[in-house]
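This report describes one protein chain for a reader who has not met it before. Please look over the sequence and the structure before reading on.

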Amino acid sequence: MPSTGTEAVVVVGRIGRPYGIKGWVHLQSYTKPSRNLIDYRPWLIDGLGRPGWEQLDCVDVRDYRQSFVGLFADIRDRSDAANLSGLNLGVPIETLPKPNSGEYYWHQLIGLPVINEDKVVLGTVTELMPTGANDVLVVRSEAGERLIPFAASTVDSVHVGDSILVRWSEDWD
């Protein structure tokens, strides 16, 4: 499997533990709705023993309880499937559909400055974390890291490519 050479990849899911004895694996979707995982292709895998993302063809995907199971080409048994466990599933950014007006993908928020209502730059978004109650912006600055709820009560507006405006005091950690 040659490297794709794709620089811009978005992680859309993760390969879980083996399912059965014929090479199937559990698939965890990070997309909303979760079914979008099935539509995004080609799937790229990071961590197959070589640097970079590599395409691995999925030959079948099925619904399984609240998620999915999949069978990849050349994965013939449970041992082969176990070698994929824990690896990320990605897709080239250019294959994602363009978001509707006012919508955005999380990867578009990484690197944006976060500015509060007093025009103080609190830092830069380094990641977003899903939690049970609401998602969280991880914001880093020279002063350290702060977690800001990504909720309507704290986020005033998101300007893709520019900034995120929040109601969050500079003193709150």
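Among contacts in the chain between residues at least 6 apart in sequence, what percentage join residues at least 24 apart? The value is 52%. The model is predicted, and the values below are computed from it.

**Overall build**

Two helices and 13 strands make up the secondary structure of the chain. Its C-alpha trace spans about 60 × 35 × 30 Å along the principal axes. The chain has 173 residues, of which 36% count as buried. About 10100 Å² of the chain is exposed, and 49% of that area is supplied by carbon and sulfur atoms.

**Confidence**

The mean pLDDT of the chain is 92, and 96% of its residues reach 70 or more. Over residues 1–6, however, the pLDDT is below 50. Beyond near neighbours in sequence, this stretch has 16 contacts in the model. Where pLDDT is low, the predicted coordinates should not be read in detail. Confidence is highest in strand β8 (residues 113–116), at a mean of 98, and lowest in helix α1 (residues 36–39), at a mean of 92.

**Charges and salt bridges**

The chain carries 16 positive and 23 negative charges, and the mean positions of these two groups lie 10 Å apart. Side chains of opposite charge can pair when their charged atoms come close. A search of the whole structure finds five salt bridges; the table gives some of them, including the pair D60 and R62.

| Acidic residue | Basic residue | N to O distance |
|---|---|---|
| D60 | R62 | 3.2 Å |
| D74 | R76 | 3.5 Å |
| E145 | R140 | 2.6 Å |

How exposed are the residues in these pairs? In the first row, D60 has a relative accessibility of 27% and so counts as partly exposed. Its partner R62 is also partly exposed, because its relative accessible area is 46%; the partly exposed class runs between the buried limit of 20% and the exposed limit of 50%.

For the pair D74 and R76, both residues are exposed.

In the last row, E145 is partly exposed because its relative accessibility is 44%. R140, which meets E145 in the salt bridge, has a relative accessible area of 43% and is therefore partly exposed.

Notes:
Residues numbered from 1 in each chain as written. Predicted model: local features only at pLDDT ≥ 70, side-chain atom pairs only at ≥ 80, totals over all residues. Heavy atoms only, no water. Helix = DSSP H or I, 4+ residues; strand = E, 2+ residues; numbered from the N terminus. Buried < 20%, exposed > 50% of the residue type's maximum accessible area, 1.4 Å probe, protein only. Contact = heavy atoms within 4.5 Å. Areas by Shrake-Rupley, 256 points an atom, 1.4 Å probe, with all protein chains shown as cover. Lys, Arg positive; Asp, Glu negative; His and termini not counted. Charge placed at Lys NZ, Arg CZ, Asp CG, Glu CD. Salt bridge = Lys/Arg side-chain N within 4 Å of Asp/Glu carboxyl O. pLDDT = per-residue confidence, 0-100.
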